[in-house]
6 protein chains.
Amino acid sequence: MPDYQAFRVELADKIAHVIIDRPEKANAMNADFWREIIEIFRWVDDTDEVRAVVLSGAGKHFSSGIDLMLLAQAANVLGKDIGRNAEILRRKILELQASFNAVDLCRKPVLAAIHGYCLGGGIDLIAACDMRYSTRDAQFSIKEIDIGMAADVGTLQRLPRLIGDGMMRELAYTGRHFDGEEARSMGLVNRTFDDPQALLDGVFAIARDIAAKSPLAVRGTKEMVRYMRDHRVDDGLEYIATWNAAMLQSADLRVAMAAHMNKQKPEFAD
Amino acid sequence: MPDYQAFRVELADKIAHVIIDRPEKANAMNADFWREIIEIFRWVDDTDEVRAVVLSGAGKHFSSGIDLMLLAQAANVLGKDIGRNAEILRRKILELQASFNAVDLCRKPVLAAIHGYCLGGGIDLIAACDMRYSTRDAQFSIKEIDIGMAADVGTLQRLPRLIGDGMMRELAYTGRHFDGEEARSMGLVNRTFDDPQALLDGVFAIARDIAAKSPLAVRGTKEMVRYMRDHRVDDGLEYIATWNAAMLQSADLRVAMAAHMNKQKPEFAD
Amino acid sequence: MPDYQAFRVELADKIAHVIIDRPEKANAMNADFWREIIEIFRWVDDTDEVRAVVLSGAGKHFSSGIDLMLLAQAANVLGKDIGRNAEILRRKILELQASFNAVDLCRKPVLAAIHGYCLGGGIDLIAACDMRYSTRDAQFSIKEIDIGMAADVGTLQRLPRLIGDGMMRELAYTGRHFDGEEARSMGLVNRTFDDPQALLDGVFAIARDIAAKSPLAVRGTKEMVRYMRDHRVDDGLEYIATWNAAMLQSADLRVAMAAHMNKQKPEFAD
Amino acid sequence: MPDYQAFRVELADKIAHVIIDRPEKANAMNADFWREIIEIFRWVDDTDEVRAVVLSGAGKHFSSGIDLMLLAQAANVLGKDIGRNAEILRRKILELQASFNAVDLCRKPVLAAIHGYCLGGGIDLIAACDMRYSTRDAQFSIKEIDIGMAADVGTLQRLPRLIGDGMMRELAYTGRHFDGEEARSMGLVNRTFDDPQALLDGVFAIARDIAAKSPLAVRGTKEMVRYMRDHRVDDGLEYIATWNAAMLQSADLRVAMAAHMNKQKPEFAD
Amino acid sequence: MPDYQAFRVELADKIAHVIIDRPEKANAMNADFWREIIEIFRWVDDTDEVRAVVLSGAGKHFSSGIDLMLLAQAANVLGKDIGRNAEILRRKILELQASFNAVDLCRKPVLAAIHGYCLGGGIDLIAACDMRYSTRDAQFSIKEIDIGMAADVGTLQRLPRLIGDGMMRELAYTGRHFDGEEARSMGLVNRTFDDPQALLDGVFAIARDIAAKSPLAVRGTKEMVRYMRDHRVDDGLEYIATWNAAMLQSADLRVAMAAHMNKQKPEFAD
Amino acid sequence: MPDYQAFRVELADKIAHVIIDRPEKANAMNADFWREIIEIFRWVDDTDEVRAVVLSGAGKHFSSGIDLMLLAQAANVLGKDIGRNAEILRRKILELQASFNAVDLCRKPVLAAIHGYCLGGGIDLIAACDMRYSTRDAQFSIKEIDIGMAADVGTLQRLPRLIGDGMMRELAYTGRHFDGEEARSMGLVNRTFDDPQALLDGVFAIARDIAAKSPLAVRGTKEMVRYMRDHRVDDGLEYIATWNAAMLQSADLRVAMAAHMNKQKPEFAD
């Protein structure tokens, strides 16, 4: 595991802890952040030992969103022709989106643990995670509207699948703050906790539960839920049938069954 | 109405009561179950008198899911070639899915009344029903993860349309139990009741309400809601326009209108 | 702004207030209503000064739904041939749908403020709005089932995206009344208020918030959320990248950024 | 039938002949053209007597495409802000597209008879027709590439359904001319004729064949083929079943059947 | 293999020959036909020995389409209410469609060998086959338009994928006859032959080629091509990757490889 | 431009010539090939000077498909568990697919010039190109069926969009050879040439034509045609409107218009 500039990554008990680590900048997302997150989640995907990921922020906040310095620099690469600038911007946006697609498409479940601010790009990021948990007083905002733009790295695409369409629009049009409790009541976070320590403890407990299951079964489950976000029920049924055609021949079923019979905890290979 | 091994079926007041009837096995789903449920719902679909269905479990539980004996037998039909085994398994899964598709595609509304355990295949089954009601202390679990596999007869396909994506993943990855109250708060069940009798009373009251409506209108409504689960809004608008092009020429509108004028209860033909 | 028969329209502070104005008929939707709503929302779309819309009902109710006189008249245009009648009905339904599509497709956010009755067509209408707010004691009902038909101007198409599939079916099959509080708990309305005046005050406050944002950014956000109702996440990501390729070259970003730096309120061109 | 500036419209024998009538400008598409074509096809759709449409060009050519004057004027409405200009252009393009959508969505079959030049917008137009016939020496070209833009009123969207993807790309990237014979060999036109008179005679003969069939059946067929351009086979099967549920109750089947028994020509109501 | 009324079925050299066998009625499709074709193709699907199917007609013709007696009988089951009749007709059409879906969804390739008339329902049937071959002078017609209805058992849904959209519409609107040569030139049939015997010889030769390949690979290929008719390229790539994840572990690859090395003909298990 | 092991790349006159360069192995696709093709097309995409690509094979053949050594090695990474092996194989296939996706998604047109053998993986590759040209005697075969597997790197996904569904299945089930002339007649190649030199001359002439057009317009056109392969007509119309909202503000339109007025050849910036 190499060193990262914008992150700190730890691996223990089959759980990777990915920590956004620019606390002095409220974990604003700079160029390092966007590049490294792809590398980290490729490593997660390729490392058999990792069975689940917890994603959190160092210091007082989860993340204040994209570093405004980065936006300013982006403007510098533009030239004179509006059409060619449009092409440059389009490719740049697609490139930034790829960073959060890496989280979304990672085969292992990613649990976001959110405290303090989670603003703008922070919402785009957590919308790409599997589950979200927060402190009761965490502060969320779809901030992009306040810098005069429609959010373009995932919030407007993934959030409508997570919260109701009506509340989605209110939050996206107004950019108003909402706290952990309101986030929970609208289905954005699964559970809230009293403080950052209780949050991490709680999230790691769930991650450990997941890490104890058959990794094949967890990954298959994730693939199916991800697939259903965009596909028809009949296509989904056909897809799982094709998928399980191979997976039901795995040893994990026998391991699970034997443990069940013997009332023991099963031990699955990575 | 023939006799069934795994079910008991009653018809009264235009409502079919379909009862899973293997209480000594916690209503585990054996070979009889998977075959008979198709026959029953074909009968429901073909019998004009039936206008709504209540689905419940005999004894202490709704259902503990697939009978593990069945899984064990399935392994016996496999041969030596991994590819051919994959094809056999794929077809077997598609065949099991067809049993719950019969519930989903039935033209009459199906109301699940759930008490006690509703585990594994039980969740797959209720996800194929129109509405779900339970006792407050019913126990639910997406159990498949604990036998080392991704659920493959409908839970992962239909449940994400019923509950939030974030909670969906937590429940599917961990297999943790949740009770009727939590099920209600996440939108899985519409209402909870104090005990099994209150549950059945409540569900039958709703079923009677539905059975008093125009059967054509109820079936058209079900088709449209089912259709929208997988289609675009513009396609849905075109579909209902085509559907109602015939249905608005039915006598049911005149019957309803006349009853409305005379402040009487309308009587619709089956 | 011309005079309307079924509506009253006011414009102030960049917010259009569209009021259904047939209080003596409980704002039932007559022929004028269906034609004028298209004209009004075309005007909204074409008038740069309008940045948000509040939609409400004059008198005691939001709307009691389609005027039954209109239904009766529709029957008069039918002839003898069932096939040709089907074609006439199909085109008529598509024409009525177009009235509410005009609300749905309007580029500016539309906030429905609901009090009193919101029945039948009233639900179809609010389902085409961006957000919904109501008094606590507002009364909602998917009334169409009671006139012997499946709802065909939008409720069955748009509502399943707004509330849970299970509750959707119960309400559509039974037509039972539910109040503002229940509407809020199922995600149909974002917030409830004590009385009609508090409701209008609250909704106008949100509308003013929206009207103060970059109009380009608000319209882009609406387009993206609308698009996601029917498209895949990957298509949505590509679409916003193409959209923002032009929009990030707008002055609104610089205006927003400058105001942010100077801690001032930004002023955006219409 | 009112007078048109850019068109001449004739109706005889249940066939509307729509003639682009700016021969001195090679039937270039000016502002009149784009507005009037919508009115004409609304009239076609609403006039029961019209059962088929033949679309052709007066003078030496079918059409040389969009009038360059129009493009020049379009530039005049642009302002200073790139984002707002993008919005104006986007809406303008959607408006032009609507003119050809009116042809595509018209319920009656539209047969294009093409001679001389059919360039740029001319291709966009014929791609929205049901069938295309041409003289052997007609000259086609996807001209837009030569004015520095990607075609945006239908060619790139509809043509790939009509000709092979590989040839589609060659023609769209190079803008090279191809004649009627090559157009026929790639499936763009159904048949070629020696000269303009033979072309019109041939096309009217086919139109008369169509006009003698049940109009309900022809319109149903058109709707189904149009639908299949964008939908799945299973959706299409369900759609025709719903459609024919009403249409098979029409008198046209009995009329056709009786004529068949008596070996007579059936006469269908409009 | 049981006896059939409307068919004769032979099995030799791993090829099933399914012969429509009502020559005295020009192989018109009666009630027996529609029921038995489902049974036959279920048997084909379930019988490992069958690796390919040849479908042809006994006597002078392939098939003259649906038996008009059947249509007449269908009318008899209708009652008085237009809406209920619509429902009956809709279900009846879906039931007839299921007969040809059985051909389309059969896992083994089906080769149609067509001579003489192939009219109306005959086209619906061959459109559901994998490949079509005919005599040069076979006569085709989308006959449904001449009995006053839009074709509803597959032609309008499957044929646009097989022939160009423009020719599709001409043939469906006019019902005109076209011969084997024209069918070949538009891609409907792959090859034409001089006479029925040459046709059968040629088609059986191709069927034998297919029967000699790995059955797993042929079935996987069919599934993929069928899937692509209705799905996106990216979905298709993901689907084959999931499919081959199991199938590449089959012995058939080793058998094929070994035969290739030794320049021998491979022998695959059924 | 770095050195490649499996390719030779040349750049002149704004056209990149990408040559598969393992003539002694009939350009079989080894590990170098699969890795380097991604790098090359990323370079093509990122290098403004490149406006079109010609792809050909060195020596006697275009390509004989995947190197069988590579397949053999792939088997070595497999372990004991069938489920885990399935996951490894699935990821490996997705990785190989990515190599040809790089060709498909490249923003610049890719013209394949094919002579000699084009077998197995060779077909997968050319199916990902924009256009295909060949010598008259080139030899094509969907070879995968002969090694006991369904093709899984693009042929079964992309070819059905290029050739008729009926011929597609014949070629995929039988693996039979077909030559350049037959390929042309089924729409797989746009044109055939007498010999390899005439082929390259002809293809470069077309590439030069394309390279002389506005690069923005060419790239927009490619994106739209690619998009239409998988999307609806209405979505495509909306997408080009959004795309051109920016692109019509480019200088290229003025350059093209001015050149048109002055009857000069336009010169576009890269």
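**Symmetry, contacts and burial across the chains**

Colleague: Which rotation superposes chain F on chain A?

Modeller: In this predicted model, chain F is superposed on chain A with 0.0 Å of shift along the axis and an RMSD of 0.0 Å, the fit being by least squares on the C-alpha atoms of residues with pLDDT of at least 70 in both copies. The rotation that does this is 180°. That is the relation of a two-fold axis.

Colleague: At which pLDDT do side-chain atom pairs count?

Modeller: Residues are numbered from 1 along each chain as its sequence is written, while chains are lettered from A and ligands numbered from 1 in the order in which they are written. Because the model is predicted, local features need pLDDT of at least 70, totals for chains, interfaces and linings use all residues, and side-chain atom pairs count only at pLDDT 80 or more.

Colleague: Which element gives the most to the side of chain F that touches chain A?

Modeller: Taking two residues to be in contact if their C-beta atoms, placed from the backbone, lie within 7 Å, 14 residues of chain F are in contact with 14 residues of chain A. Helices are DSSP runs (H or I, at least four residues), numbered from the N terminus, and those giving two or more residues to the side of chain F are α3 (82-105), α10 (233-247) and α11 (251-261) of chain F. The one that gives the most, with 5 residues, is α3(F).

Colleague: What percentage of the interface residues of chain F are also interface residues in chain A?

Modeller: The copies meet through the same surface, because the interface residues of chain F are also interface residues in chain A to the extent of 100%.  The rotation that superposes these two chains is again 180°, and the shared percentage is 100%.

Colleague: By what turn can chain B be laid on chain A?

Modeller: Chain B can be laid on chain A with an RMSD of 0.0 Å and a shift of 0.0 Å along the axis, by a turn of 120°. The two copies are thus related as by a three-fold rotation axis. They use different surfaces, in that 3% of the contact residues of chain B recur in chain A, and the turn that relates them is 120°.

Colleague: Which element gives the most to the side of chain B that touches chain A?

Modeller: This contact takes 32 residues from chain B and 40 residues from chain A. On the side of chain B, two or more residues come from each of α3 (82-105), α5 (155-158) and α6 (165-174) of chain B. That side divides into 15 nonpolar (Ala, Val, Leu, Ile, Met, Phe, Trp, Tyr, Cys and Pro), 9 charged (Asp, Glu, Lys and Arg) and 8 polar residues (the others, Gly among them). With 9 residues, the element that gives the most is α6(B).

Colleague: How many of the residues of α9(A) are buried?

Modeller: The 14 residues of helix α9 (residues 215-228) of chain A should span 20 Å at 1.5 Å a residue, and the end C-alpha atoms are 20 Å apart, which agrees; the expected span is 1.5 Å times one less than the number of residues. A residue is buried if 20 or more other C-beta atoms, placed from the backbone, lie within 10 Å of its own, exposed if 12 or fewer do, and partly exposed in between. What covers the buried residues of α9(A) includes α8, α10 and α11 of chain A, α5 and α6 of chain B, and α3 of chain F. The helix is mostly covered, the number of its 14 residues that are buried being 11.

Colleague: Which elements of chain E do the buried residues of α9(D) pack against?

Modeller: α9(D) is mostly covered, with 11 of its 14 residues buried, among them Pro215(D), Lys222(D), Glu223(D) and Met228(D). Those buried residues pack against α3 (82-105) of chain C and against α8 (196-211), α10 (233-247) and α11 (251-261) of chain D. From chain E, the elements are α5 (155-158) and α6 (165-174).

Colleague: Is Trp243(F) buried or exposed?

Modeller: Trp243(F) has its place in helix α10 of chain F. Not counting residues up to four places away in sequence, Trp243(F) touches Thr242(C) and Gly220(F). With 25 C-beta neighbours inside 10 Å, Trp243(F) counts as buried.
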